[in-house]
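Please look through the sequence and the model below before reading on. The paragraphs that follow go from a helix near one end of the numbering to strands, cores, cysteines and charged pairs.

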Amino acid sequence: MFGRLTKLPLTIDHVPGECATSFGSRLGHRNGVPRLITFCSDVGIDYFALANGDPREVERLAALGGADPVLLRHGTPELNDPGWFRLGEERIKFTAFSRTSLRICPSCLVQGRHLTHAAHLGSWQLTSIRHCAVHGCQLVSLPKMSNGNDTFDIMRAMEGFLPANPHYAKVEDLELERYLSDRVAGSTKGGWLDNLPFHVASQTCEMFGLLLTQGPNTKRERMGPPEWAAAGTTGFRALRHGGNAFRNELKTVQKASPPDSTLYRTRFRVFFEWLRYRNDDPDFDVIRDIVRQFIFDHFPVAEGDMVLGQPCPEQRVHSLMTARTAYGVSPWRLGRRLAAIGLARRNSAGTMFVIDDYIPADIVRSVVTEIDALVNASDAAKIVGTDRITMAKLTQQGLISRFYDDPNTVPLYHPDELATFLKRLRKQISSGKPPVDQCGIGAAAHKLSTPVARVVEIILGHGLHLYASDCTTATFRDFRVSPEVLRQAFAERLDDAVSPVEAAKLLGLNIRTIRGLLDKGILVPRVIKDRSSARTRRYASRRSVDDFRSRYISVMDLAAHTGRLPSVEAVLQADRGVQPLELNGRSNLIFRRCDVGTERQKSIGD
């Protein structure tokens with residue numbers, strides 16, 4: 001097309017990646033024309049079209065300077081749609097450019113190429129490219145020209161300019177810049193980050209990396225090229241593995257502060273505020289959607305609250321305070337129940353409950369439903385069909401569990417626990433002919449001079465037959481049992497054997513702990529065969545129970561001895577380096593008496 005254009009007598013070498021305005025400025029200067037706009041006018045090139053990368057004008061300039069037109073176009077930002085340029089193989093939005101700020105590499109100039117090789121690369125117009133790819137040197141902005149027509153005239157801007165001492169970046173901090181250069185060159189592999197628009201990928205890496213490296217309260221305007229390079233690389237490493245890796249990093253930032261200490265705006269401030277002001281650019285929707293969904297899923301955002309332009313459809317997690325507001329439940333009651341299932345704990349002073357992460361809303365609703373259904377000891381006794389004293393004895397024996405394990409709290413029971421207890425008794429109702437000596441459980445206990453709770457334990461443990469008129473609605477007072485059968489059951493029990501329930505009562509531990517002690521062999525197991533069901537049951541040697549009391553002590557007993565709260569005692573012993581017995585999760589803490597200084601020669605029961 002430009003075969004009739006004659007190459008100028010004086011030419012220059014085209015620097016790889018150099019843009020057309022830089023090449024034209026140097027070519028004009030080589031031919032004695034000090035201004036690019038004047039040179040373009042002399043050779044018939046539209047200066048403003050050339051500045052916007054018009055292919056026709058770029059190729060005309062290449063013909064005049066003897067340069068490869070393909071390479072010259074490849075290094076020149078080309079305006080091909082309103083607000084969009086093509087640079088190399090990438091279509092890039094204008095917001096990723098700083099086109100009117102000419103930058104050069106001091107190291108390139110120091111190497112004796114101050115005049116004819118002061119090239120300005122097209123990629124140096126990208127805001128996120130701050131260093132020379134050859135030298136790793138920080139790019140330096142040239143003074144702005146007083147005449148706007150000289151904005152892209154590199155040689156005009158170089159007049160009287162002396163390069164400062166170069167500043168070099170750490171090689172490991174230039175990963176993002178190398179990645180962006182690879183995208184321009186068309187050598188990326190098409191991953192999640194590669195599929196994001198160029199300006200979205202570059203700016204998100206930098207801003208998220210700024211949050212990770214400098215913290216949420218940093219000021220962007222105070223960051224220099226070294227800080228931006230380090231931030232960009234950190235963000236790139238977090239985002240290059242995809243959306244899930246991005247969410248994991250968001251979770252890491254969230255966990256850096258305790259729940260309720262700060263909200264999401266505070267924890268993500270510098271990143272969140274930047275993203276919030278990108279609401280007019282739909283290209284950022286993929287980032288906004290991930291961040292918004294993460295906030296909805298991991299922060300106590302109330303239904304209807306706006307986050308990044310959209311309302312929260314439903315609250316998905318709660319703190320103790322938001323649960324109180326939403327459901328009217330006491331944080332103390334809720335905290336106790338959450339502590340029982342491992343989602344909360346007492347603070348070091350033992351004065352309140354704290355959480356390490358927000359609680360899913362469905363768990364909060366479930367717990368609140370349970371709490372609302374709780375009944376006190378008097379009402380529980382009525383449901384079971386007994387009096388309050390017997391109810392307390394059955395609880396102490398471990399036959400009925402309180403909703404809250406804490407012995408210092410008012411006893412509350414869940415109806416499901418009471419129904420389970422009655423179901424166990426009803427299951428043993430016999431349809432056969434009742435024995436002549438049948439009587440109520442309480443009366444049978446009186447005849448045997450044995451506590452009622454102990455009798456119930458024998459009935460359930462040995463599967464003894466019970467009798468009642470209605471097997472579906474019978475309550476505790478309705479059950480009948482043979483005292484003679486009970487005597488035989490007591491006689492069959494080995495003198496040296498203690499049931500797990502009885503051992504738990506004697507030692508003040510829960511059943512889970514007793515089973516763990518049996519598993520470890522600390523309590524010597526005894527196997528007893530239940531004749532009524534032909535099943536074998538694992539009991540503990542009474543001698544090992546007595547020996548345990550003389551050698552070990554629970555954190556509850558130790559706290560009662562020292563006058564401190566159990567949680568405080570546990571922390572204190574841990575600080576002293578005292579290790580408890582290794583048992584299964586949710587077991588009571590057990591210490592060796594010799595470790596905590598409470599040795600004794602005789603067991604408590606002696």
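A residue is called buried when its relative accessible area is under 20%, exposed when that area is over 50%, and partly exposed in between. The model is a predicted one, and with this cut-off in hand one can turn to helix H26, which spans residues 542-551 and in which Ser544, Val545, Phe548, Arg549 and Ser550 are buried. The N-terminal end of H26 is capped by Ser541, a side-chain oxygen of which lies 3.3 Å from the backbone nitrogen of Arg543. Helix H26 also takes part in a charged pair, since Glu502 forms a salt bridge with Arg542 in which the closest N and O atoms are 3.6 Å apart. That pair links distant parts of the chain, with Glu502 in helix H24 (residues 500-507) and Arg542 in helix H26, 40 residues apart. Glu502 has a relative accessible area of 12% and is therefore buried, whereas Arg542, with a value of 30%, is partly exposed.

The strands E1, E2 and E3 come next. Strand E1 (residues 78-81) pairs with strand E2 (residues 84-87) in the antiparallel sense over three bridges, and one of the partnerships is that of Asp81 with Trp84 in E2. Two residues stand between the strands of this hairpin, in which Gly83 takes a positive phi near 85 degrees. Strand E2 pairs in turn with strand E3 (residues 90-93), again in the antiparallel sense, over four bridges, and here Arg86 has Arg91 in E3 as its bridge partner. The hairpin of E2 and E3 likewise has two residues between its strands, and Gly88 in the turn has a positive phi of about 60 degrees.

From strand E3 a salt bridge leads to another part of the chain: the side chains of Asp281 and Lys93 meet at 3.2 Å, N to O. Asp281 lies in the loop between helix H13 (269-276) and helix H14 (285-298), while Lys93 belongs to strand E3, so that the two partners are 188 residues apart. Why do both Asp281 and Lys93 count as buried? Asp281 does so because its relative accessible area is 5%, and Lys93 because its relative accessibility is 16%, each value being under the 20% limit.

Which residues have the most contacts inside the largest nonpolar core? That core has 77 residues, and the ones in question are Phe246, Phe268, Phe271, Val291 and Ile295. Helix H9 (residues 198-214) gives the most to this core, with eight residues. Leaving aside residues up to four places away in sequence, Phe271 touches Thr204, Met207, Phe208, Leu211, Phe246, Ile287 and Val291. Apart from this core lies another, of 34 residues, among them Leu418, Ala444, Leu448 and Ile458.

For cysteines, a disulfide requires two sulfur atoms within 2.5 Å, and by this rule the count is zero. Cys132 is in no disulfide, as the nearest cysteine sulfur, that of Cys105, is 3.8 Å away. Cys132 counts as buried because its relative accessibility is 4%, and Cys312 counts as buried because its value is 2%.

A search of the whole structure finds 30 salt bridges. Besides the pairs already described, Glu57 forms one with Arg56, the closest N and O atoms being 3.5 Å apart. Glu57, at 8% relative accessibility, counts as buried, whereas Arg56, at 46%, counts as partly exposed.

Key. Residues numbered from 1 in each chain as written. Predicted model: local features only at pLDDT ≥ 70, side-chain atom pairs only at ≥ 80, totals over all residues. Heavy atoms only, no water. Pairing = 2+ DSSP bridges. Buried < 20%, exposed > 50% of the residue type's maximum accessible area, 1.4 Å probe, protein only. Polar contact = N/O pair within 3.5 Å; in protein donor to acceptor, adjacent residues only side chain to side chain. Core = buried A, V, L, I, M, F, W, Y, C linked by side-chain atoms within 4.5 Å. Contact = heavy atoms within 4.5 Å. Salt bridge = Lys/Arg side-chain N within 4 Å of Asp/Glu carboxyl O.
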